[in-house]
Amino acid sequence: MISTMGLLQSWGGLGTSIASFIFMWDMIRRYCPPELIRASDKWTRRIRSFFYPFIQISISEFMSNNLKPHDAYAAVEAYLSVHLAKEAKKLRAETVHGGGKLVLSMDEHERVTDEFGGAKIQWISGKIVQRESKYLPEVERKYYKVTFHKKYRDMVTDTYLEHVIKTGKEIQMRNRKRKLYTNGHNKTTWSHIVFEHPATFDSLAMEAEKKREIVDDLLMFRESKDFYARIGKAWKRGYLLYGPPGTGKSTMIAAMANLLDYDVYDLELTSVRDNTELRRLLAETSSKSIIVIEDIDCSLDLTGQRKKKQEKPPEEKTSKTKKEVPRKDTEESGSRVTLSGLLNFIDGLWSACSGERIIVFTTNYVDKLDPALTRRGRMDKHIELSYCNLIVPILGKELLALGRTSPV
Ligand SMILES: Nc1ncnc2c1ncn2[C@@H]1O[C@H](COP(=O)(O)OP(=O)(O)OP(=O)(O)O)[C@@H](O)[C@H]1O
């Protein structure tokens with residue numbers, strides 16, 4: 001029988017041998033000619049692959065440049081949630097379709113095994129925490145890692161992964177819930193909730209003809225991919241909604257999203273540190289989306305970028321309406337987004353990534369905005385919402401109720 005002392009001595013001996021080996025190996029690598037090191041690396045790889053004949057492929061939440069969400073990641077997530085999540089021990093449950101159905105997906109650091117064409121394929125979920133620079137907060141990047149035997153390399157890379165992505169995308173389409181994203185609360189990335197605003201163009205009070213024109217414009221935009229490609233323009237359209245408070249600007253944005261079946265990105269400009277962060281946020285948006293900057297006149301001192309320290313008109317100094325008092329300009333919010341940064345956001349090179357996007361600005365004071373921001377081409381459609389919009393249909397309904405079709 002081996003005594004405890006003997007066991008400890010033999011472990012101690014092993015530790016010393018490993019330490020000596022590491023020391024020797026370090027010396028060899030330091031003083032050996034590079035050719036010899038390269039050859040030894042090659043053989044090390046071969047020996048390792050003999051004893052560990054598995055291949056790993058990572059699919060990250062964001063593309064390698066860390067800017068754009070990776071479609072494949074979302075598709076893999078959907079595939080695993082339906083096909084393999086039940087096998088996992090740690091699950092995440094989320095509701096879809098307005099809370100009617102629970103969908104389970106793998107939680108972080110879970111592993112499950114799939115079978116395909118006779119191969120066993122293992123999936124692991126994980127996350128890494130990164131910091132782009134010491135001035136920015138840490139961001140989480142999730143990933144899935146797939147591991148399989150090297151003899152199935154062609155089958156997995158050519159057929160299996162394609163099958164996973166295709167099935168995942170079908171599942172995504174079935175489970176799709178539209179999202180409302182925000183960058184508020186000093187977040188450097190988007191966070192989201194399910195978008196469930198009930199507004200539609202039917203419920204929006206507005207002159208029928210004007211409403212028809214807007215609906216047609218939106219539907220035409222959605223079908224115009226080829227047109228934009230032909231004329232060499234990014235597939236995007238800008239809307240400027242202006243009018244007094246409470247005339248339905250936000251309601252119209254919700255109606256637009258519901259009509260087109262797009263996600264909504266509610267961009268809080270005062271939370272964006274600088275133009276670089278603005279570009280990154282833009283790149284992180286997906287296609288089929290509406291990017292909204294509400295109350296653009298209050299968001300930043302965009303009018304003052306060109307005309308600094310302009311005297312405020314007297315009525316502005318005395319008025320206490322909602323839009324005028326909490327003006328969060330550059331100094332107050334700590335944001336260094338400039339007018340030129342915003343113009344680039346709308347139609348610079350970066351604005352063309354993803355495609356099929358609508359940018360909406362809302363304001364109560366259209367005259368306060370810099371003309372560069374609102375000129376046609378940037379903001380393709382200017383829509384005025386006024387209290388008359390509310391009165392006309394109400395009047396129409398009243399007249400209908402009285403059995404008349406016109407006021408005279
Ligand atoms: N044209 C409209 N049709 C239907 N509902 C409307 C309309 N205008 C306003 N409302 C109703 O009035 C309320 C305020 O509307 P909304 O928030 O869309 O206005 P807003 O112009 O965005 O206001 P603000 O400028 O203060 O943000 C909502 O409850 C909305 O349902």
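Begin with the whole protein chain shown as a surface: the chain exposes about 24300 Å², of which carbon and sulfur atoms supply 57%. The model on display is a predicted one.

**The chain as a whole**

Switch to a cartoon representation. The secondary structure of the protein chain amounts to 14 helices and 13 strands. Colouring by burial shows that, of the 408 residues in the chain, 38% are buried. A contact map of the protein chain adds a further view: among contacts between residues at least 6 apart in sequence, 70% join residues at least 24 apart.

**Strand β12**

Select residues 357–363, which form strand β12. Seven of these seven residues are buried, that is, under 20% relative accessible area, so β12 is largely enclosed by the rest of the structure. Display the side chains next. R357, I359, F361 and T363 point one way from the strand, while I358, V360 and T362 point the other way. Both sets are buried.

**The partners of β12**

Which strands are joined to β12 by bridges? Add residues 236–242, strand β9, to the selection; β9 runs parallel to β12 and is joined to it by seven bridges. Then add residues 289–293, strand β11, which is also parallel to β12 and is joined to it by five bridges.

Centre the view on I358 of β12. On the β9 side, R237 has I358 as its bridge partner. From β11, I290 stands opposite I358.

**The ligand and its shell**

Now select the ligand and the residues around it. The surrounding shell comprises 15 residues, and the closest of them are A205, G246, K249, S250 and T251. Coloured by class, the shell divides into five nonpolar, seven polar and three charged residues. Which helix gives the most to this shell? Select residues 249–260: this is helix α7, which contributes three residues.

Three consecutive selections show polar atoms of the protein beside the ligand.

- G248: a backbone N or O atom of this residue lies 3.1 Å from a nitrogen atom of the ligand.
- K249: a polar atom of its side chain is 2.8 Å from a ligand oxygen atom.
- S250: an N or O atom in its side chain lies 2.7 Å from an oxygen atom of the ligand.

To finish, display the surface of the ligand. Taken alone, the ligand exposes 620 Å², and the protein buries 67% of that area.

Key:
Residues numbered from 1 in each chain as written. Predicted model: local features only at pLDDT ≥ 70, side-chain atom pairs only at ≥ 80, totals over all residues. Heavy atoms only, no water. Buried < 20%, exposed > 50% of the residue type's maximum accessible area, 1.4 Å probe, protein only. Helix = DSSP H or I, 4+ residues; strand = E, 2+ residues; numbered from the N terminus. Pairing = 2+ DSSP bridges. Contact = heavy atoms within 4.5 Å. Areas by Shrake-Rupley, 256 points an atom, 1.4 Å probe, with all protein chains shown as cover. Near = heavy atom within 4 Å. Polar contact = N/O pair within 3.5 Å; in protein donor to acceptor, adjacent residues only side chain to side chain. Nonpolar A, V, L, I, M, F, W, Y, C, P; charged D, E, K, R; others polar.
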